[in-house]
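Please consult the sequence and the structure shown below before reading this briefing. The notes after them are grouped by topic.

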Amino acid sequence: MNFLKEQEPAVTSIQAHWRGFKQRKNFKDRKQYLNDHSEDAVKIQAMVRMHQARKKYRDRLKYFRDHIKDIVKIQAFIRANKARDDYKTLINADDPPMAVVRKFVHLLDHSDQDFQEELDLMKLREEVITNIRSNQQLENDLNLMDIKIGLLVKNKITLQEVVSHSKKLTKKNKGQLSNLMMMNKHKGGLKALSKEKRDKLEAYQYLFYLLQTNPTYLAKLIFQMPQNKSTKFMDSVIFTLYNYASNQREEYLLLKLFKTALQEEIKSKVDQIQEIVTGNPTVIKMVVSFNRGARGQNALRQILAPVVKEIMDDKTLSIKTDPVDIYKSWVNQMETQTGEASKLPYDVTPEQAMSHEEVRTRLEASIKHMRGVTDKFMSAITVSVDKIPYGMRFIAKVLKDTLHEKFPDATEDELLKIVGNLLYYRYMNPAIVAPDAFDIIDLSAGGQLTTDQRRNLGSIAKMLQHAASNKMFLGDNAHLNPINEYLSSSYQKFRRFLLAACDVPSLEEKFNVDQYSDLVTVSKPIIYISIGEIINTHTLLLDHQDAIAPEHNDPIHELLEDLGEVPTIESLIGEDPLPAGDPNKEMMGKTEVSLTLTNKFDVPGEANTEVDAKTLLLNTKRLIVDVIRFQPGDTLTEILETAAAPEQEAEYQRAMQRRAIRDAKTPEKMKQAKPVVDDSLTLQGKKDKIKSSLQRLAELGKVHPENRYQDLINDIAKDIRNQRRYRQRRKAELVRLQQTNAALNSKTSFYNVQIDYYNQYIKTCMDNLASKGKVSKKPGDAKAKKSKQVSQKYTAARLHEKGVLIEIEDLQTNQFKNVIFEISPSEAVGVFDVKAKFMGVHLETLMLEYQDLLQLQYEGVAVMKLFDRATINVNLLIFLLNKKFYGK
């Protein structure tokens with residue numbers, strides 16, 4: 001044991017060597033085994049790895065399938081972010097990269113949807129304009145019928161003349177006005193197929209384009225005519241020329257005319273700032289009339305209709321601020337309640353009325369009610385700045401700025417009072433006083449406001465007028481002194497309202513108009529104008545051409561020279577000449593024609609590119625747009641210097657073929673006046689043309705080669721932005737025109753109901769007269785008495801005694817016995833033939849219309865001329881005709 005213990009280290013060493021030997025041998029055997037089966041091992045490893053990879057792939061694929069919607073959202077989000085970032089770069093970057101511009105350059109193309117929307121716009125504009133003109137005609141006829149029925153009620157006119165006018169009130173007016181000029185091409189009308197007529201048509205199209213786009217001519221022409229003629233000219237020709245501002249372009253140009261004309265009127269005709277308020281400025285009247293029409297009527301309705309309706313529905317509200325009215329109402333109430341005559345005097349002065357406690361109490365209550373309802377109107381108006389049409393606000397700003405320029409010493413309060421006179425007194429006040437006349441409220445045919453309702457609205461309007469002008473109640477209205485403090489505080493609200501109303505962007509900002517607007521214009525401007533309006537405008541321009549265009553080289557002189565003398569209505573329609581008094585001539589003058597406006601002095605083409613830098617720049621940009629979409633490159637210089645690959649050229653040619661097919665399908669009215677670029681050129685050909693154009697533009701200082709023509713790329717980016725805005729405006733305009741058209745159709749329906757109402761009224765009158773056996777009492781009736789048929793002869797002396805004849809020029813009173821007037825009824829109802837004889841010799845015969853006399857009487861004209869020499873009393877002549885021919 002001791003030996004073993006002594007040899008223990010040796011035993012351990014032997015064991016270790018043995019174990020090592022065994023392990024090495026096992027390792028070598030295992031290694032040899034593996035080496036002998038290496039191929040099998042590789043196969044096993046491959047299968048394991050394959051299984052793991054497949055499992056991982058299937059798990060991942062299943063995960064994607066389970067979250068496919070989330071993945072699509074993520075991808076869309078990433079793409080949208082990328083596109084949004086690119087578009088932000090296009091919008092905001094001072095120098096957008098070529099790669100970004102290339103992505104969006106396709107937006108400059110006009111799609112089928114663009115053309116369809118443009119066609120829809122054209123049709124809607126035409127329909128809106130036709131409806132406006134139709135409604136205006138119906139409204140004028142209905143107003144005249146109101147007058148005639150009023151005269152009938154007062155026995156100033158026979159029923160037969162009312163019936164005669166009612167025949168003109170037909171529901172076919174709209175159809176008649178909407179029939180555009182269908183000229184017989186063989187008769188030689190304005191649109192006949194001949195060079196002479198084509199030149200005449202183009203000359204008028206050039207003329208009206210110049211008048212439409214250059215407001216200076218019309219602004220000066222307005223003030224060359226008497227006010228009554230200028231008003232008629234503005235109502236017909238000017239609004240027609242701008243298509244009643246039925247789209248953005250026409251609205252921009254019309255407001256530009258208003259601005260120019262207002263500045264011209266203030267500059268030449270206003271000597272004191274208060275003349276704008278005390279007078280009746282032509283332009284202000286025109287602006288208000290236009291903005292209260294079809295386009296601005298909806299705004300007034302939105303602002304005022306709720307509060308007006310609330311006042312009208314309050315049957316207990318009775319605002320009386322006149323002490324005498326309150327006193328009389330009190331006396332009448334006491335007599336009604338007691339059934340006995342009051343001991344108080346009926347006619348008193350305001351001071352005597354105010355001496356009664358009951359009157360003062362009632363006045364105080366009335367003032368309290370008036371303040372309450374006025375507050376409602378005040379709130380409705382002052383919060384409605386954004387609802388007021390932009391045109392009204394813009395003209396208010398122009399008025400304020402122009403007056404400040406001419407009267408620099410005027411305070412801001414003085415200027416704001418003038419603005420308040422425009423925005424409140426002229427624009428809103430009439431709609432409050434007479435809401436039924438301005439379609440603020442809906443009334444059935446024959447319906448009307450009660451006396452109390454009109455008095456209430458009139459009192460409110462008076463309060464608002466004083467508040468807007470900061471005018472206190474003094475003098476005869478001293479009993480309303482308690483309201484003055486309220487008026488002062490209300491003026492401060494109005495002041496803030498007026499300042500906010502004048503805070504509007506410029507025309508160019510509002511309508512996004514600049515020198516490159518032509519790039520986004522798909523269709524040519526078209527106006528619908530009557531033959532009579534064309535001839536009237538032509539005549540006025542010839543009469544006043546030196547005043548409106550004093551420079552001999554002004555382009556309007558060239559256009560008027562091309563047109564020559566003013567043509568006749570018949571020659572423009574292609575009919576045979578008619579006698580001067582033929583009624584068909586007036587109807588011919590109302591025939592409408594469409595004019596496609598064209599600019600004679602800025603026609604794109606090869607000739608212009610040498611002298612017109614603007615046109616050359618436009619041509620070059622169109623060429624660049626066509627090139628950069630088919631050939632890659634980081635800068636314009638790089639693209640122009642790199643030759644086009646065959647596949648790029650082929651792709652370009654296919655695109656040009658598609659464009660040619662699309663242009664062939666484009667309606668004629670929507671085609672550009674002339675093609676801006678030649679699509680027959682190859683891609684390389686366009687690049688060569690771009691190089692030569694850039695060289696020319698560089699010489700003119702329009703582009704800069706040192707920045708690799710980046711300014712041109714910036715302009716193209718701006719055009720892309722403008723195209724987007726134009727499409728947005730077009731969609732909004734479609735909606736607005738549809739709303740306007742619906743409102744106009746509703747108004748037409750209302751007028752037609754009124755026509756039915758009037759016709760029923762006339763029928764009732766006829767039935768009543770028939771039942772009394774008086775229908776036969778009219779001139780020309782076979783059953784009338786013989787005395788009503790024969791002529792009536794009077795010497796001038798006899799008519800002078802009756803007061804009918806006042807004087808005869810160049811003839812002494814003692815010679816009147818030698819002058820005989822013979823009055824005889826003609827076959828037409830209400831028409832008389834008047835013959836004048838001197839010492840038995842027939843001198844002259846004229847036709848006198850009874851209806852014209854009634855119109856003169858209605859207008860307050862006391863005397864008139866017959867035969868250009870005899871002065872006649874209108875009222876006594878009507879009396880004489882009534883007595884001798886109408887049995888009145």
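The points that follow concern salt bridges, helix α21, residues with positive phi and a nonpolar surface patch.

This is a predicted model. The count of salt bridges comes to 19, and three of these pairs are described here, within helices α4 and α21 and between strand β8 and a loop.

**Salt bridges within helix α4**

- Asp86 is joined to Lys82 by a salt bridge, with 3.7 Å between the closest N and O atoms.
- The two residues stand four places apart in helix α4, which spans residues 68-92, so about one helical turn separates Asp86 from Lys82.
- The partners differ in their exposure: Asp86 counts as buried because its relative accessibility is 7%, under the 20% limit, whereas Lys82, at 47%, counts as partly exposed.
- The pair also belongs to a network of salt bridges in which Lys82, Asp86 and Lys103 are linked.
- As general background, side chains of opposite charge can pair when their charged atoms come close.

**Helix α21 and the loop after it**

- Helix α21 covers residues 451-469, and Asp452 and Arg455 both lie in this helix, three residues apart, or about one turn.
- Asp452 and Arg455 form a salt bridge whose closest N and O atoms are 2.5 Å apart.
- Asp452 is partly exposed at 36% relative accessibility, and Arg455 is likewise partly exposed, with a relative accessible area of 23%.
- Gln453 is also placed in helix α21, but this residue counts as buried because its relative accessibility of 12% falls under 20%.
- Apart from neighbours within four places in sequence, Gln453 is in contact with Met312 and Lys315.
- Asn470 lies in the loop between α21 and α22, the latter helix covering residues 484-501.
- The phi angle of Asn470 is near 55°, a positive value in a residue that is not glycine.
- With a relative accessible area of 29%, Asn470 is partly exposed.

**Strand β8 and its surroundings**

- Lys865 makes a salt bridge with Glu809, and their closest N and O atoms are 2.6 Å apart.
- Lys865 belongs to strand β8, while Glu809 sits in the loop between β4 (805-808) and β5 (819-825), so this pair ties together parts that are 56 residues apart in sequence.
- Both partners are partly exposed: Lys865 has a relative accessible area of 40%, and Glu809 has one of 34%.
- Asp868 is found in the loop that runs between β8 (863-866) and β9 (870-873).
- Although Asp868 is not a glycine, its phi is positive, at about 65°.
- Asp868 counts as exposed because its relative accessibility of 66% is over the 50% limit.

**Nonpolar surface patch**

- Met1, Phe3 and Leu4 make a nonpolar surface patch of about 400 Å².
- Leu4, one of the residues of this patch, lies in helix α1, which consists of residues 2-6.
- Leu4 counts as exposed because its relative accessibility is 53%, over the 50% limit.

Key
Residues numbered from 1 in each chain as written. Predicted model: local features only at pLDDT ≥ 70, side-chain atom pairs only at ≥ 80, totals over all residues. Heavy atoms only, no water. Buried < 20%, exposed > 50% of the residue type's maximum accessible area, 1.4 Å probe, protein only. Patch = residues over 30% accessible without salt bridge, like charges linked within 9 Å, V, L, I, M, F, W, Y side chains within 5 Å. Areas by Shrake-Rupley, 256 points an atom, 1.4 Å probe, with all protein chains shown as cover. Salt bridge = Lys/Arg side-chain N within 4 Å of Asp/Glu carboxyl O. Contact = heavy atoms within 4.5 Å.
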